[in-house]
Structure formats: structure tokens, C-alpha cells
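Me: I have a structure to learn from. Please explain the terms by setting each value against its cut-off.

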Amino acid sequence: MSDTKRQVYANHRRYIVRFHFVLFAIIVVNLVWAIVTLAKSFSLAGIHTLLGPTALLLLFLSTRSFATANQDRIIRLEMRLRLQQVLPPDLRGRINELPTSQLIALRFASDAEMPALVRRALDERPEPDAIKRAITQWQPDVHRV
């Protein structure tokens, strides 16, 4: 995402065209081709041909999940540190009650609106998407995977 484009809820998701669309499409086309070829003429060579694109698809999905899991751990740590600084004393003791999904959603909130959003998150347990939609002063995160 370009640093010149203002990040808001509507455009905060990040897609890397080469990875999410081109590479994925190439893998899927190869997988479908191998399945069709195997269906037309079942053989051990056809099974072997199917293994390549299947392995690539699993690798594609695993690579993405490894990167996002690591990113989520970093965001969780960063947000716990940030919340220690911006929350009033009555909420600081409850930071560990926030699930990772809510911490990830809260990272886009400004320091000024953080206490109210955290209180709502703890009391109402809204979905992460509802937390993001409630943010009025969006803080961009342009360094995510």
C-alpha cells in the first residue's frame, strides 16, 4: 500500500498482487490441469504430476499462515505495551482479558479513543470488524505482512 494513500477501514486490508492473485492463480491452474489430466487418464505418472501443484498450494497457504501468526504475536505484544501507557488504571489490569483478535483490531485506534474502545471490547465482546468500524481516528498500519 502506498504511503501517500490515506488508510481507512475501507482500504486497510493489504493484498500483494504478485502473491495473492498471480501466484495463487498459477498454482490453482496447475492443480486443476493436473486433476483434469489424471481424470482423463489415470496413472501413477498422473498422480505424481498432481503432487507438485498440491504441494505448492499447501506451501502457499502455510507460508501465509506462518507470516500472519508471527505478525499477530508481534501486534499482541505491541498493543499490550501501548495499552499500559494509554489506559486509565482501572482498565490496565484487564488488558490480558482482550483476545488477540480484538487487540489486532484495536491497533488502528488513536490513543485518545482507545480507553472507550477497550472498555466496550471488554464489556460487550464485539467482533473485531465491529471494533474497526467504531474507530473514528484511524491510525494506519502500513508495515504489516
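Reply: What follows is a set of questions and answers on helices, burial, salt bridges and packing. This is a predicted model: local features need pLDDT of at least 70, side-chain atom pairs count only at pLDDT 80 or more, and totals for chains, interfaces and linings use all residues. Residues are numbered from 1 along each chain as its sequence is written, and side-chain values use heavy atoms, with hydrogens and water left out.

Me: How do you know that the span of α1 agrees with its 24 residues?

Reply: Helices are DSSP runs (H or I, at least four residues), and strands are runs of E of at least two, numbered from the N terminus. The expected span is 1.5 Å times one less than the number of residues. For the 24 residues of α1 that gives 34 Å, and the end C-alpha atoms are 33 Å apart, so the two agree. Helix α2 (residues 44–86) has 43 residues and reaches 62 Å, close to the expected 63 Å.

Me: Why is H20 called buried?

Reply: Buried means under 20% relative accessible area, exposed means over 50%, and partly exposed is in between (1.4 Å probe, protein chains only). H20 has 19% relative accessibility, so H20 counts as buried. This residue lies in helix α1.

Me: What does H20 touch, not counting residues up to four places away in sequence?

Reply: Contact means heavy atoms within 4.5 Å. On that basis H20 touches R14, Y15, F60 and R64. The buried residues of α1, among them I27 and L31, pack against α2.

Me: Which helices do the buried residues of α2 pack against?

Reply: They pack against α1 (17–40), α3 (89–92), α4 (100–106) and α5 (114–124). The buried residues of α2 include P53, L57, F60 and M79.

Me: What makes D129 and R133 a salt bridge?

Reply: A salt bridge is a side-chain nitrogen of Lys or Arg within 4 Å of a carboxyl oxygen of Asp or Glu. The closest N and O atoms of D129 and R133 are 2.9 Å apart, so the pair meets the cut-off. Both residues are in helix α6 (residues 128–134), four residues apart, which is about one helical turn. An α-helix has 3.6 residues a turn, so residues three or four places apart point the same way. At 28%, D129 counts as partly exposed. At 55%, R133 counts as exposed.

Me: How many salt bridges are there in the whole structure?

Reply: A search finds seven. One of them joins E124 and R120 at 3.1 Å, N to O. In helix α5, E124 and R120 are four residues apart, about one helical turn. E124 is exposed at 53%, whereas R120 is partly exposed at 29%. E97 also bridges to R94, again with N and O atoms 3.1 Å apart. R94, E97 and D123 are linked in a network of salt bridges.

Me: Why is α2 called roughly perpendicular to α5?

Reply: Axes are lines fitted to C-alpha atoms, for helices over the stretch in contact, and angles run from 0 to 180 degrees between N-to-C directions. Here α2 and α5 pack at an angle of about 115°, with their axes 10 Å apart. That makes α2 roughly perpendicular to α5. The classes are under 35 degrees for roughly parallel, over 145 for roughly antiparallel, 65 to 115 for roughly perpendicular, and oblique for the rest.

Me: Which residues make the contact between α2 and α5?

Reply: M79, R82, L83 and V86 of α2 meet M114, P115 and V118 of α5.
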